[in-house]
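Reader: I'm new to protein structures and I'd like a close look at one part of this one. Could you walk me through how its rings and strands pair up, in plain words?

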Amino acid sequence: MENICGYLMKYTNLVTGWQYRYFVLNNDAGLLEYFVNEQSRQLKPRGTLQLAGAVISPSDEDSHTFTVNAASGEQYKLRATDAKERQHWVSRLQICTQHHTEAIGKNNPPLKSRSFSLASQGSANSPGVQRRPSQNAVSFFNVGHHRLPTGKRVPIMQPDHLVDVREMMSQAEGQQRDLIRSIECLPASGHLTSLDQDLLMLKATSMATMNCLNDCFHILQLQHASQQKGSLPAGTTISWLEPKVSLANHFKNGAAQNFPAEINKPASVREEQSIAEPCQLTREPEEINPDEELEDICDDKEDDLGAVEEQRSVILHLLSQLKLGMDLTRVVLPTFILEKRSLLEMYADFMSHPDLFIAITKGSSPEERMIRFVEYYLTSFHEGRKGAIAKKPYNPIIGETFHCSWRMPKSSMATDAGTSSSAHTPSEQITLPKDPEGQAELDYYTVKFVAEQVSHHPPVSGFYAECVERNMCVNAHVWTKSKFLGMSIGVTMVGEGVLHLLEHGEEYTFSLPCAYARSILTVPWVELGGKVNINCAKTGYSASINFHTKPFYGGKLHRVTGEVKQNMTNTVVCRVQGEWNSVLEFTYNNGETKYVDLTKLSVTRKRVRPLEKQGPFESRRLWQHVTESLRDGDIDKATEHKRALEERQRNEERLRAETETPWCTKYFLKDGDGWVYHKPLWKTVSAAQTQQTDSN
């Protein structure tokens, strides 16, 4: 393969920022070199990276940026002129990396001949364990790197060699598990301990190496499939080979775990791996009949501390691989910390008080409607969290959807209308709508909800809810960005939502607070933080809400404060304080006070179609085997099912990149920087009004 060269922007530091540099990919030597400019190419390179063992990753910041992470720990952050040029560089770098990583494996001596065993080194006080001050853990274990001789070309991997590669990976993974087990068997105190900084780094780099090998193996699979099929038409799905040992099992502290061979895998796993490419299924929006939905009887509370306490060593091992500020979007977390629901369903659970949602539009004035929206907004987070333990919902795969609805008796809403607020009582009389066939008045309001994972990198979800009878709907998109913060994990919810009250012609824009998982080494718990703004441009009312994180010393947990004001007069009409998961106090400008006890608010169960009526990419059917395994306490089986889904998603993503096939969403359309439901209520109402005007 010929070398490639050209200008790329390289990020240097905060002061210097981005600078143009001339890069050369030397395929024969397996090197990425850069120079100040093309004229200085004959001089010594300003920088050189060995690509063997490197990981090349497109960035989720934009469509131009990518990173090259060398096995040595050095990183280049680069930016191409456009998405097409980035894809060209990333593809060529990945292929070059794959060749030279495989070549090192061929030319290195067998792993068993190296000094990986700690057992033979004697006790911590023996001469074999005593280290000179300059001797680090890497030299102690005698791990060497072999450079590929310049000019040597690696032949293309033959298809029948894939089995040998898989066997070699299995042996390497076994050696890596032995290494981790030996490190963790060291005493907790003494000259050389299991928490030695160099040894923790060795654990992390060995894990990174195995992950890199796994990536290279997938490149080989892609080449093999391409050679067999000749060309890959759009929409083609490849049946991918599976490694004998899952890399996820390295979280088991070196315990030998062998997954059954492909032919012996449970049918549910084979089904998860063989579901066709989503775009091959119908991508036409499906109209869900609410009459097919049944009241949800699932009640998966997440209060079990057992798994977290039992797997603390796994968490320590994971933390040894993370750096402060590291983006966790691409980090595979252990299965035992997962909730038994998808993130898309978690967004639906924020709507568990549909009575408060419907009551917003019943406010008799713009001031009251803003206050009612703030009340609904602040009561949504308590039920959205299942239990007090900080567990993580499933990461939705691209194309995943979730549908549900709620029914609220109109009789109870009429009663609530007069008693829901001590300071505000709606004066309007509501005409009850008739059912679609005009046969009789329905005795309930229906709130429909749909969510879809519209993007994988970055991970973006879109969700939409509407109540046709009350002419109101909400549309939102959220990009979840998670970072490692030391002893906690922070999740930023990037995006925006808009509530439409069509009866009043009002739009309320809002954002979401950040979430934090605290005390991840002991009993993890959830905390919300950050400032949220709610605005209605038409009425001039706005709300500012602060979710306060607990200070290091003193202070209360889960505290929230806020105020609603009229912007034109700068008059505060309502203040709120309390805890977002306990009691909220609303104080109005007329001196009246209202208390809302969130623990006593009635929760309306959502209605969901039975699994047998759900599509293959609807959340509960998609994750059903993972959920069942978690309910049964079988973490290993849950991990196997989860890995099968994630592997399928990665394989399909690679295939789309190779065939330049864009992803097609089902329910949401790109609108600038956001996503909008394909058939929002405001368009339906507008079209109906236009049609009525034309008929008159």
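Author: Let's begin with a word you'll need: a residue counts as buried if its relative accessible area is under 20%. Keep in mind, too, that this is a predicted model.

Now try that word on Phe350. Its relative accessibility is 15%, so Phe350 counts as buried. Tyr347 is buried as well, with a relative accessible area of 1%. These two residues also belong together as a ring pair: their ring centres are 6.4 Å apart and their planes meet at 45°, so the pair is called tilted. The structure holds 21 aromatic pairs.

Rings can have charges over them too. Look at Tyr76, where the charged end of Lys10 sits over the ring, 5.1 Å from its centre. Then find Trp18: Arg79 lies over its face, at 4.0 Å from the ring centre.

On to the strands. In general, the strands of a sheet pair through backbone hydrogen bonds, and they can do that in a parallel or an antiparallel way.

Start with strand 15, which covers residues 489-501. Strand 14 (residues 472-484) runs antiparallel to strand 15, and 13 bridges join the two. Strand 15 is also joined to strand 16 (residues 506-510) by five bridges, again antiparallel. Then there's strand 17 (residues 514-518), joined antiparallel to strand 15 by three bridges.

Gly490 is a handy place to zoom in. Across from Gly490 of strand 15 you'll find Lys483, while in strand 17 the bridge partner of Gly490 is Tyr516. Further along, Val498 has Thr509 in strand 16 as its bridge partner. Strands 15 and 16 form a hairpin with four residues between the strands, and there Gly505 takes a positive phi near 65°.

Now hop over to another sheet. This open sheet has seven strands in the order 4-3-2-1-7-6-5, with antiparallel pairing. Which strands stand at its edges? They are strand 4 (47-50) and strand 5 (55-58); each has a single partner strand, so one side of each is left without a neighbour in the sheet. Ignoring direction, neighbouring strands of this sheet are turned by 35° against each other on average.

For strand 4, you can look at the pairing residue by residue. Four bridges join strand 4 to strand 3 (residues 31-35), and the two run antiparallel. Find Leu31 and look across: Gln50 in strand 4 stands opposite.

Methods
Residues numbered from 1 in each chain as written. Predicted model: local features only at pLDDT ≥ 70, side-chain atom pairs only at ≥ 80, totals over all residues. Heavy atoms only, no water. Phe/Tyr/Trp six-rings, centres within 6.5 Å; stacked < 30°, edge-to-face > 60°. Buried < 20%, exposed > 50% of the residue type's maximum accessible area, 1.4 Å probe, protein only. Lys NZ or Arg CZ within 6 Å of the ring centre and 35° of its normal. Pairing = 2+ DSSP bridges. Axes fitted to C-alpha atoms, helices over the stretch in contact; angles between N-to-C directions.
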